[in-house]
Amino acid sequence: RIDAPAYVIANVTSHADKTDGVASYTLYAIGDLRSEAHIDTIKAAAASGQRVLIDSGAFGLASAFGSKHDLDFNDAIAMPIEDIDPDGTARARWHKIIDAVRDHCWGYVEIDIGGKDRKREQRAAMEEQGYRPIPVFHALNDGWEYFDELASTYDRICVGNLVKADNATRLDIFARLAEARKGKRVQWIHALGVTPSPTWFAAPTESCDSTAWQSTYMYGGPC
């Protein structure tokens, strides 16, 4: 259970010690989990009472692919996953990491690459294998009919396309989410890559995450 609204600190493993006894909610991206010690960090965080959310690492994969091929992030995240992960390495790592930590985390996010049709296929395959990934709605890519589909089927949803969006776009998305969710099954919506701000609090989702918290101790400034 998460007490909303909540700020989930996106936590690179090298700074995990800074969250001990302080953070209630943490997010780890699979791309940052590169050793057994990192897996142990997740288990220790959960054992300490933190509610841990595991991100698929799709943002990092799509960002790297977009930079290499001169694509906007929103276009890159919609590319076929075979183009971004041609040898299946990232997908295999997702399964390996989730198998190791699924009993210790509050939730884990699907591999949200390839557009809504491919996300449906990938998620269905995961569910057939016994996984229960949290689906991602890309607000600028998927169309709001897809949100209706997800919100009517799942109790938890993550929302993407927000990291690089300006405040006006974010506010429009948050307002539309607040209206579109009414009467649906969904109970919890998480805004990926969003620091709490007046824009978010105007129509808050249950939670959001960012790495902005690190600036407090790394640079001595406010988030």
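Here is a short walk through one buried glutamine and a set of salt bridges in this predicted model.

**Stop 1: Q50.** Start by selecting Q50, in the loop that runs between α1 (36-47) and β3 (51-55). With a relative accessible area of 6%, Q50 counts as buried, because the cut-off for that label is under 20%. Now show T26 as well: the side chains of Q50 and T26 make a polar contact at 3.0 Å.

**Stop 2: E110 and R123.** On to charged pairs. Searching the whole structure turns up 11 salt bridges. Pick E110 and R123, one of these pairs, whose closest N and O atoms are 3.0 Å apart. E110 sits in the loop between β4 (107-108) and α6 (115-128), while R123 is in helix α6, so this salt bridge ties together parts that are 13 residues apart in sequence. Are these two buried or exposed? Both E110 and R123 are buried.

**Stop 3: D117 and R120.** Stay on helix α6 and select D117 and R120, which are three residues apart, about one turn of the helix. Their side chains meet in a salt bridge, 2.7 Å from N to O. Both residues are partly exposed: R120 has a relative accessible area of 29%, and D117 has 48%.

**Stop 4: R118 and its partners.** Next, select R118 and E121, again in helix α6 and separated by about one helical turn. They form a salt bridge with the closest N and O atoms 3.4 Å apart. R118 is partly exposed, at 24% relative accessibility. Finally, add E82 to the selection: E82, R118 and E121 are linked in a network of salt bridges.

Notes
Residues numbered from 1 in each chain as written. Predicted model: local features only at pLDDT ≥ 70, side-chain atom pairs only at ≥ 80, totals over all residues. Heavy atoms only, no water. Helix = DSSP H or I, 4+ residues; strand = E, 2+ residues; numbered from the N terminus. Buried < 20%, exposed > 50% of the residue type's maximum accessible area, 1.4 Å probe, protein only. Polar contact = N/O pair within 3.5 Å; in protein donor to acceptor, adjacent residues only side chain to side chain. Salt bridge = Lys/Arg side-chain N within 4 Å of Asp/Glu carboxyl O.
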